[in-house]
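The following questions and answers concern the protein shown below. Please keep the sequence and the model at hand while reading.

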Amino acid sequence: MARKKIDITLPDLTGKRALITGASDGMGLIMAERLAAAGAVVIVPVRNRAKGERALATIRGAVPTAEVTLRDLDLSSLESIDALGRTLRAEGDPIHLLINNAGVMTPPERQTTVDGFELQFGTNHLGHFALVGHLLPLLRAGRARVTSQISIAARSGRINGDDLNGTRSYSGGRAYSQSKIAFGLFGLELDRRSKQLGWGITSNLAHPGVAPTSLLAARPELGRSGDTSSIRVIRWLSARGILTGTVESAGLPALMAVTAPDSKRGLMFGPSGPGRVGGAPAEQPLFPPLRSVDDATSIWERSEELTRVSLPVA
């Protein structure tokens, strides 16, 4: 039986500037294409310029009128994040939409970022925390809507505050879950602080459910020479329309979150089907590990300390 197509209609985004990380392939590329088709000026920061150029060609092929540019960014390097922030702040153009979408998942052996953080915690969470900090003046100027892409891996687990970097005990799955819990707590705390301090920023969370993206595919740079058994099963289920989503549908919750009305803030969006792994995007209750304001405050303060990026309170 053919899968029923799932989609949403985006509002007119003409005149809006959107930045999306992880947009050189997969659902990030599709989201960038959708934003460009809706009229947004799209900024695609990439680590691999050649891959980024191919992504731009794909977007322009689908949307001939697209206004899209590349920037250099390695989320595993605080120096690279600082450099992008300085470049964009010097240009001075407000950012109206930010989707923190990039991520890495479950390298079989512990790896570290340039700055010595466990790779998943350092990239998925700390990298985006620092990015928001460096872009804060532009986000405030654009009264931006920020969406942070978490994962159903944040449904359970915890943050190991005594061993954030997994130096004593490493599990790829636990470290991934921790990075997404921390990232989700940050996204919610960003909205609370914006509301309290008058930053004008609206922050939401999204998760893609389960879909055949590249996260679990062969990634030699992560020490994964072949596709995992998990991604093979997910591809099989997705191709038959069983429970899971598609690469196209996986990005819809983030697009819904980043274009929702301003009153829709501090929320989580995800697929609404059985198990929340596929189906049409909708608002959802926060996962239990994301509900503690104290935990959110704590991870915010630890993140400022680790990245040496402080978000002003005035």
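A patch is made of residues with over 30% relative accessible area and no salt bridge, like charges being joined within 9 Å and nonpolar side chains (Val, Leu, Ile, Met, Phe, Trp, Tyr) within 5 Å. The model is predicted: local features need pLDDT of at least 70 and side-chain atom pairs pLDDT 80 or more, while totals for chains, interfaces and linings use all residues. Residues are numbered from 1 along each chain as its sequence is written, and side-chain values use heavy atoms, without hydrogens and water.

Q: Which residues make the nonpolar surface patch of about 300 Å²?
A: Leu243 may serve as the starting point, in the loop between helix H6 (229-239) and helix H7 (247-250). With a relative accessibility of 51%, Leu243 counts as exposed, because the limits are under 20% for buried and over 50% for exposed, with partly exposed in between (1.4 Å probe, protein chains only). The nonpolar patch of about 300 Å² is made by Leu243 together with Ile242 and Trp236.

Q: How many helices and strands are there in the protein?
A: Helices (H or I, at least four residues) and strands (E, at least two) are DSSP runs, numbered from the N terminus. In the protein, the strands number eight and the helices nine.

Q: What is the radius of gyration of the protein?
A: The C-alpha trace spans about 55 × 50 × 40 Å along its principal axes. For a globule, the rule is 2.2 Å times the number of residues to the power 0.38, with the radius taken over C-alpha atoms. A compact globule of 314 residues would therefore come near 20 Å, and the protein agrees with this at 18 Å.

Q: What share of the 314 residues in the protein do buried residues make up?
A: The accessible surface (Shrake-Rupley method, 1.4 Å probe) comes to about 13,300 Å². Carbon and sulfur atoms account for 51% of this surface. Among the 314 residues of the protein, the buried share is 56%.

Q: In which sense do strand E6 and strand E7 pair?
A: Two strands pair if DSSP finds at least two bridges between them. Strand E7 (residues 268-271) is joined to strand E8 (residues 281-284) by four bridges, and E7 and E8 run antiparallel. Within that pairing, Pro271 stands opposite Pro281. Strand E6 (residues 202-206) has two bridges to E7, and their sense is parallel.

Q: Which residue in E7 is the bridge partner of Ala206?
A: Ala206 falls within strand E6, which spans residues 202-206. In E7, the bridge partner of Ala206 is Phe269.

Q: How many residues apart are Arg49 and Asp72?
A: Arg49 and Asp72 form a salt bridge (a side-chain nitrogen of Lys or Arg within 4 Å of a carboxyl oxygen of Asp or Glu), with the closest N and O atoms 2.9 Å apart. The pair links distant parts of the chain, namely helix H2 (residues 49-62) for Arg49 and strand E3 (residues 67-72) for Asp72. Arg49 is partly exposed at 37% relative accessibility, as is Asp72 at 44%. The separation of Arg49 and Asp72 along the chain is 23 residues.

Q: Why are Glu189 and Arg193 separated by about one helical turn?
A: Glu189 forms a salt bridge with Arg193, the closest N and O atoms being 2.8 Å apart. Both residues are buried, Glu189 with a relative accessible area of 6% and Arg193 at 15% relative accessibility. They are separated by about one turn because their spacing in helix H5 is four residues.

Q: Which residues are linked with Glu189 in a network of salt bridges?
A: Helix H5, home to Glu189, covers residues 172-197. Beyond residues up to four places away in sequence, Glu189 touches Ala296, Thr297 and Trp300, a contact being heavy atoms within 4.5 Å. In the network of salt bridges, Glu189 is linked with Arg192 and Arg193.

Q: How many residues apart in sequence are the parts that Asp191 and Arg265 tie together?
A: The side chains of Asp191 and Arg265 meet in a salt bridge of 3.1 Å, N to O. Asp191 lies in helix H5 and Arg265 in the loop between helix H8 (252-259) and E7, so the parts tied together are 74 residues apart.

Q: Is His128 buried or exposed?
A: His128 is found in helix H4 (residues 119-141). Outside its neighbours within four places in sequence, His128 has contacts that include Thr21, Leu75, Asn100 and Phe183. Because its relative accessibility is 0%, His128 counts as buried.
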